[in-house]
Amino acid sequence: MHILAGACGFGEYGRKMNWYDGSVAGVSGLWRNGVGCGTCYQVKCLIEKLCDENGAYLVATDQGYGDNTDFVMSPRAFTQLGRDENAYEELKKYGTVDIEYRRVPCTYTGNVVFYIKETSSNPGYFAVVLLNVNGINDVTAVEMWQSGEWKALNRNYGAVFDFANPPSGEIRLRFKVSGRSDWVDPKIVIPSYWQPGSTYVTEVQLK
């Protein structure tokens, strides 16, 4: 079993992802070059005498692969597959189990958050991750207002969008999600004194 560390760029936020509280997984094909980062799934195993009928609800926070699996699940998420603690202990002996899964709407609490990556530098380099993207929404593009026009950020890797030489003052962003033709206005600006590692809560909550 192998998981690529931090392939989505969530950092410590990826360990809990709000109320999912550690029910996270690395994904293989579902990673989709980073577009699948932060998406939510219901996963159920198929051993009737051991597996809980509701299974686990989890968030894709990394790229992972092993034994031709779709999900490499955190211990907390894997625990939820079993009917009870004894069933979970039996499932652990299998290591890899057959599953069925479906994508479900994410139900994070709170508004969309801009998380400024620690690799950023003010001034000179800006990298951002969008957290708390609710519903069945993929973040497909992010743009920054500069010199009187919108300019696209580059998807650097995973869920990380970056921009070299950002404006020295306030930073205004907008983003696009799948299923919507319009751009989402976060209704805030990132202040000129932003620092790497900072988070800024938008006034937008997606559904």
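Reader: I'm starting with Met144. Which residue does Met144 stand opposite in E13?

Author: Met144 faces Leu173 in E13. Keep in mind that this is a predicted model. When you read a sheet, look for strands joined by bridges. Here, strand E9 (residues 139-146) and E13 run antiparallel, with five bridges between them.

Reader: What is the strand order of the open sheet with E9 and E13 in it?

Author: The order is E10-E9-E13, an open sheet of three strands with antiparallel pairing. Strand E10 (149-152) and E13 are at the edges with a single partner strand each, so each has one side without a neighbour in the sheet. From one strand to the next, the twist averages 30 degrees.

Reader: Let's pick one residue on E13. Which side chain does the side chain of Arg174 join by a polar contact?

Author: For a polar contact, you look for a pair of N or O atoms within 3.5 Å. Arg174 lies in strand E13 (residues 173-177), and its side chain makes a polar contact of 2.7 Å with that of Glu143. Leaving out residues up to four places away in sequence, Arg174 also touches others, including Trp150, Trp183 and Pro186.

Reader: What does UniProt list for residues 124-202?

Author: An unreviewed UniProt entry gives that span as "domain: Expansin-like CBD". In the model, residues 124-202 are 46% strand and 0% helix, and the end C-alpha atoms lie 23 Å apart.

Reader: Now for a helix. Which residues of helix H3 are buried?

Author: A general idea helps here: an α-helix has 3.6 residues a turn, so residues three or four places apart point the same way. In H3 (residues 85-94), the buried residues are Ala87, Tyr88 and Leu91. Looking down the axis of H3, you'd find these buried residues within an arc of 100 degrees, so they line one face of the helix.

Reader: What do the buried residues of H3 pack against, and which residues are exposed on the other side?

Author: The buried residues pack against strand E3 (40-45) and helix H2 (75-79). Over on the other side of H3, you'll see Glu85, Asn86 and Lys93 exposed.

Reader: And the ends? What reaches the backbone nitrogen of Asn86 at the start of H3, and what phi does Gly95 take just after H3?

Author: At the start, look at Asp84: one of its side-chain oxygens comes to within 3.1 Å of the backbone nitrogen of Asn86. Just after H3, Gly95 has a positive phi of about 80 degrees.

How values were computed. Residues numbered from 1 in each chain as written. Predicted model: local features only at pLDDT ≥ 70, side-chain atom pairs only at ≥ 80, totals over all residues. Heavy atoms only, no water. UniProt positions renumbered as here; feature names shortened; annotations may be inferred. Helix = DSSP H or I, 4+ residues; strand = E, 2+ residues; numbered from the N terminus. Buried < 20%, exposed > 50% of the residue type's maximum accessible area, 1.4 Å probe, protein only. Arc of directions from axis to C-beta. Contact = heavy atoms within 4.5 Å. Polar contact = N/O pair within 3.5 Å; in protein donor to acceptor, adjacent residues only side chain to side chain. Pairing = 2+ DSSP bridges. Axes fitted to C-alpha atoms, helices over the stretch in contact; angles between N-to-C directions.
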